[in-house]
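Let's take a walk through this fold, piece by piece. Have the structure open and follow along.

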Amino acid sequence: MAVELDHSFSSSKPVDESYATLLDLERVVPCVQGGRVIESTGPESVKAEIKVKMGAMALTYTGTLEVVEQDADAHKVVLQVKSREAGGQGHANATITFQLADGGGTIHTSAQITGKAASMGEGIMVSVLDALVNDFSGKLAQL
């Protein structure tokens, strides 16, 4: 199942500070509810885990998060997630594009999800992902 989401967020921090924060994956991952860094795998990548509740079901995904594009002049950062469902056959992969500006920015998420999570249906998937991104952007603004 493919899901596309767009969000905007506000921040009182200078755009250059927000940009630098996004590149610090060790600080960014814990901003995702249920997310934690397992280990740093390089200067721009980490192995991470996220635990997600979908109704009565709880799923754990483990994989990598990597900075695949960064443009300091344009204040743009693109992150790529590749993860597998623990104990299942599914995966959750995503490309997340941050476009920063003074006062905040936008987040575009393009996700591909299979397995148990996808079986819950598009409405539930979109609702869960939407809540995760909204929660994340609120925490990100406070870093």
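**Helices on a sheet**

Let's start with helix 1, residues 15–22, which lies across strand 4 (57–71), strand 5 and strand 6 and runs at about 160° to strand 6. Keep in mind that this is a predicted model. Helix 4, residues 122–142, also packs on the sheet, where it touches strand 1, strand 3 (45–54), strand 6 and strand 7 (104–113). Its direction makes about 25° with that of strand 1.

Now for the sheet itself. It's an open one of seven strands, with antiparallel pairing, and if you read across it the order goes 1-7-6-5-4-3-2. At the edges sit strand 1 (2–10) and strand 2 (35–42), each of which pairs on one side only. Going from one strand to the next, the twist averages 20°. For a look at one pairing, zoom in on strand 5 (residues 76–85) and strand 6 (residues 91–101): these two run antiparallel and are joined by nine bridges. Within that pairing, Leu79 stands opposite Ile96 of strand 6.

Back to helix 1. Which of its residues are buried? They are Val15, Ser18, Tyr19, Thr21 and Leu22. These residues are on the same side of helix 1 because they cover an arc of only 160° around the axis. That fits a general rule: an α-helix has 3.6 residues a turn, so residues three or four places apart point the same way. As for what they pack against, the buried residues of helix 1 meet helix 2 (25–28), strand 4, strand 5, strand 6 and helix 4.

Next, the nonpolar interior. The largest nonpolar core has 39 residues, and Phe98, Ile113 and Leu129 are the ones with the most contacts inside it. Helix 4 supplies the largest share of this core, with seven residues.

Phe98 deserves a stop of its own. Leaving aside residues up to four places away in sequence, Phe98 touches Leu22, His75, Lys76, Val77, Leu79, Thr106, Ile107, Phe136 and Leu140. Two of those names have come up already: Leu22 is one of the buried residues of helix 1, and Leu79 is the residue opposite Ile96.

The contact with Phe136 is worth a closer look. A search of the whole structure finds one aromatic pair, and Phe98 and Phe136 form it, in a tilted arrangement with 6.0 Å centre to centre and 55° between the planes. Phe98 is in strand 6 and Phe136 in helix 4, 38 residues apart, so to speak a link between distant parts of the chain. Both Phe98 and Phe136 are buried.

How values were computed
Residues numbered from 1 in each chain as written. Predicted model: local features only at pLDDT ≥ 70, side-chain atom pairs only at ≥ 80, totals over all residues. Heavy atoms only, no water. Pairing = 2+ DSSP bridges. Helix = DSSP H or I, 4+ residues; strand = E, 2+ residues; numbered from the N terminus. Axes fitted to C-alpha atoms, helices over the stretch in contact; angles between N-to-C directions. Contact = heavy atoms within 4.5 Å. Phe/Tyr/Trp six-rings, centres within 6.5 Å; stacked < 30°, edge-to-face > 60°. Buried < 20%, exposed > 50% of the residue type's maximum accessible area, 1.4 Å probe, protein only. Core = buried A, V, L, I, M, F, W, Y, C linked by side-chain atoms within 4.5 Å. Arc of directions from axis to C-beta.
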